[in-house]
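Colleague: Please take a close look at a single part of this model, and tell me how its neighbours line up around it.

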Amino acid sequence: MKLIDWLKPGIKVKRWILFSIFGILLIAFGFTELVMHRVYDLAYKVFYIFLNVTGILVLYVSVTEGMKSIIALINKGYIKVSLNNEKIENLIYEKRLLVKGPKIVVIGGGTGLSTMLRGLKYYTSNITAIVTVADDGGGSGDLREDLGILPPGDIRNCILALADTEPLMEELLQYRFKDGRLKNQSFGNLFLAAMDGISDNFEDAVQKMSSVLAVTGKVLPVTLDDMTLKAELENGNIIEGESNIPNEAYKQKSKIKNLKIVPENAKPLKDALTAIKEADAIVLGPGSLYTSIIPNLLVKDIAISVRKSNALKIYISNIMTQPGETDNFKVSDHVNIINKYCGKDTVDCVVANVDPIPDHLKEKYLDEDSNLVELDDAKLKKLGLDIVKANLVKIKKDLIRHDSDHLAEVLIETIMEKKLLYDRKKILEYMYLSQRVKSKESERKNLNKKL
């Protein structure tokens, strides 16, 4: 391998090479003076002996730390023991691209949010996921009740989506116990619960878990307060609990009239407010409108910060309606609900699916009182919104989901065209992203050819 390859920035080797050269110079200078000039008094001899010792220490530190950097590259697969030059160059190039990526804040919860994050991390490392902590069902609800911690489920999924982990590690953290007292409990939830036990607070536990799993960007709970949801239905009944609201609304055939959180003055994380303020783009969704997106906006100062931010605000519409939450909702209905809780004209742009689904899946979802969310262009244009249409459907085990890779590509292109292109300070980011998008398109074409 050529020496110049190791001198490129980004792989944490150059600094230790320079440090080791400095140590060698100290040793050489100190040893030469001791040997060549023996008439020095005791103080000078002690000084030059000190230079030798310092040089040896510097050389030791630089060699050990340099080896750690090289081993880290080998462990991540960027280089083999034979020292693959091309992979090192790709690593440097990739890291520099990700650091130059736009600052994107995503707000929501549920599987939709984590699905999108998997695609976004390819384009930028400046991602902040602000996640709801209102979940009170399933394994998260059990841990919340038993241990008094905030629900870890949605946060765990977001951490894994942004993590740089081996498939086996992800499979382990997503594993659910099938028997005993831990039945249906996720190992990842238990991992985060254990991390909470050795941390100062839940935020610290999330950051520690993120560090262990080498997460790209940040995952933040929207608040550290023990937050629950309350919904008033149109029939006047009050439903408490995130997991109960859609079920009861569906059973009672009554729409959600109003939603609030308890306590109403739940305080947001300062890091969340800072991220919103500094963002190039704020993405709402995808996810359950009333139980994943809106709860975040109800936390004190979150909605105000989103509305005041100069970021491009994008809403990603769900593909299917959700029984009990968004029955017969069109895309504009989703936006109107966001404006109701966050303020008028909050959303600048809507990303909506126009991809059809197979007839057998239409029938399956209709049996569950769910149907495709209709894109009503005319009403959206009256609201002054830009509309981005895309084929976003991905079918997995007869379930309709967003295609994470294509959705991320659409989002990045939208941010480039509607935000970065018009900001002279962001022109470098625009150029880096253009290269990244082209690279991804090339990968997709090559994959399609192989298939």
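Modeller: Happy to! Strands S1 and S7 run parallel and are joined by 4 bridges (strands pair if DSSP finds at least two bridges between them). This is a predicted model, where local features need pLDDT of at least 70, side-chain atom pairs pLDDT 80 or more, and totals for chains, interfaces and linings use all residues. Residues are numbered from 1 along each chain as its sequence is written, and side-chain values use heavy atoms, without hydrogens and water.

S1 covers residues 104-108, and S7 covers residues 281-284 (strands are DSSP E runs of at least two residues, helices H or I runs of at least four, numbered from the N terminus). To find your place between them, start at Val105, whose bridge partner in S7 is Ile282.

Ile282 is also a good stepping stone onward, since it stands opposite Lys313 in S8. S8 spans residues 312-316. Here again 4 bridges do the joining, and S7 and S8 run parallel.

Now go back to S1 and turn to S2, residues 127-131. S1 and S2 are parallel too, with 5 bridges between them. One residue pair to pick out is Val106 with its bridge partner Ala129 in S2.

Next, the faces. In a regular strand the side chains alternate between the two faces of the sheet. In S1, Ile104, Val106 and Gly108 lie on one side and Val105 and Ile107 on the other, and all of these are buried (under 20% relative accessible area; exposed is over 50%, partly exposed in between, with a 1.4 Å probe and protein chains only). That makes 5 of 5 residues buried in S1. S7 has both faces covered as well: Ala281 and Val283 are buried on one side, Ile282 and Leu284 on the other.

For comparison, here are a few residues from elsewhere in the model. Met227 sits in the loop between strand S3 (218-221) and strand S4 (228-233), and it counts as buried because its relative accessibility is 0%. Its C-alpha is 8.7 Å from that of Glu264, although 37 residues separate Met227 and Glu264 in sequence. Ile21, found in helix H2 (residues 14-36), has a relative accessible area of 44% and is therefore partly exposed. Glu363 belongs to helix H16 (residues 359-367); its relative accessibility is 52%, so Glu363 counts as exposed.
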